[in-house]
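Me: I am new to this structure. Please take one part of it and walk me through it closely, starting with a helix and ending with the sheet.

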Amino acid sequence: MSHSPDRASFELQQIEPILSWAGTSGVDVDGLLSRLGIDPARRSDAPDTEIDLVDYYRIQREIARSFDDLTAQLSERKLLYQTGTFVVTQIQAAGTLQDAIRSLASHFNMMHGGRYNYVRQTDSSLALVVDDSTFPYRFRDDRDLTHFVGDALLIKTHALLDSLTGGAAGRALKRVSLLRQRHDPGTRQLRFWRVPIGYGHAAYELIYDIDIACETIAAAPDVDLTADGIFARVIRHLDSVIPSPDARPYAVRTADLISDGLETQQAVADRMGISVATLRRRLSEEGTSFRDILQESRAERAGLMLAQGTSVSQVSESLGYSDVRAFNRAFKKMRGVSPAAYAKSSLQTAQA
């Protein structure tokens, strides 16, 4: 895996504590890395392997899915996966970047149960301040890791804002402030920033130009408002601003694009920049087909919705089935039980 000198990246060893924790908690970490095109053996053989920053968010998304936890187990206080919907809904209604920033700070505080975010405004700037000094990090005694996680969170927050405001956040950003010191090790992720960076601050800050922050923006288009959708939006945005070769298997890339709402072979092939015939051939070489991946993706989404209490009829309608009976047949074929039985079993497991 090659990298340009200025590509935002990180070393695999930087997140080894996260991977180890996930592994001992039941996540197939080797399988997760393989799906991302990363040789799992490198965890021990070449821990200094450089990985594109976007893959950190892909890893986070996989862990978050496994635990139904929006924080991907980075917090000792679980945050239910579906709670991300409410936050982004509020941001979508914002008429300016300023509105979006204030809404983001307010609702993240509400979700996390503490005043970790606040807004500071002057005549020339608007700052989103993230003070995580009392946040219940699972790895809070690991200074290097918590700094990396904080750096990545700030990038994720800015990418989300930039995506939802049609690029206004990117145009308005003036500088960022970090907790880490200038000469700390493990800072390749900071290549993402194209603005001045301040080091050794008491809190993280995204500092925007106030005039641009007050400009009217177009309403954000309809998007997947689940927490999975938030990760997908950030990943797509990072891919657009720092494009990199995608080493993941075609089946994995296809599954991600389907989950983003591209449910035809033509749409997926177009996004990959290949022909439909090439897509079919690549998937066949990997022992699968577009139809199989589409069915599995729908079954996975259906399972998540059923586990969260969505009714069978609502899931059927949301996934575009012709009627409930068609959904029942398809789900039972993929999972071996009816949707109703799956929902009942999920509820019993959650109450156990």
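**From the first helix to the sheet**

Reply: Start just past H1. Gly26 follows this helix, and its phi is positive, near 110 degrees. The model is a predicted one, so treat each value below as computed.

Now step back into the helix itself. H1 spans residues 16-24, and its buried residues are Ile18, Leu19 and Ala22. Their arc around the axis is only 95 degrees, so they sit on the same side of H1. A general rule helps here. An α-helix has 3.6 residues a turn, so residues three or four places apart point the same way.

What do the buried residues of H1 pack against? They meet helix H2 (29-35), helix H3 (42-45), helix H4 (53-67) and H7.

H7 leads on to the sheet. This helix covers residues 143-164 and lies across E4, E5 and E7. Against E7, H7 runs at about 25 degrees.

Next comes the sheet. It is open, has five strands, and follows the order E3-E4-E7-E5-E6 with mixed pairing. Strand E3 (117-121) and strand E6 (197-198) are the edges. Each has a single partner strand, so one side of each lacks a neighbour in the sheet. In general, strands of a sheet pair through backbone hydrogen bonds, either parallel or antiparallel.

Look at E7, residues 204-209. Five of its six residues are buried, so the term "mostly covered" fits this strand. E7 has strand E4 (residues 125-130) as an antiparallel partner, over six bridges. Within that pair, Leu128 stands opposite Leu206 of E7. Strand E5 (residues 173-177) also runs antiparallel to E7, joined by four bridges. There, Val176 stands opposite Leu206. Leu206 thus has Leu128 opposite in one pairing and Val176 opposite in the other.

Move on to E6. E5 and E6 pair in the parallel sense, over two bridges. Gly198 in E6 is the bridge partner of Ser177.

One more helix pair deserves a look. Helix H11 (residues 250-259) and helix H13 (residues 276-285) have axes that come within 9 Å and cross at roughly 120 degrees. That angle makes H11 oblique to H13. In the contact, Tyr250, Ala251 and Thr254 of H11 meet Leu279, Arg282 and Leu283 of H13. By class, four of these residues are nonpolar, one is polar and one is charged.

Definitions and conventions:
Residues numbered from 1 in each chain as written. Predicted model: local features only at pLDDT ≥ 70, side-chain atom pairs only at ≥ 80, totals over all residues. Heavy atoms only, no water. Buried < 20%, exposed > 50% of the residue type's maximum accessible area, 1.4 Å probe, protein only. Pairing = 2+ DSSP bridges. Axes fitted to C-alpha atoms, helices over the stretch in contact; angles between N-to-C directions. Parallel < 35°, antiparallel > 145°, perpendicular 65-115°, else oblique. Contact = heavy atoms within 4.5 Å. Nonpolar A, V, L, I, M, F, W, Y, C, P; charged D, E, K, R; others polar. Arc of directions from axis to C-beta.
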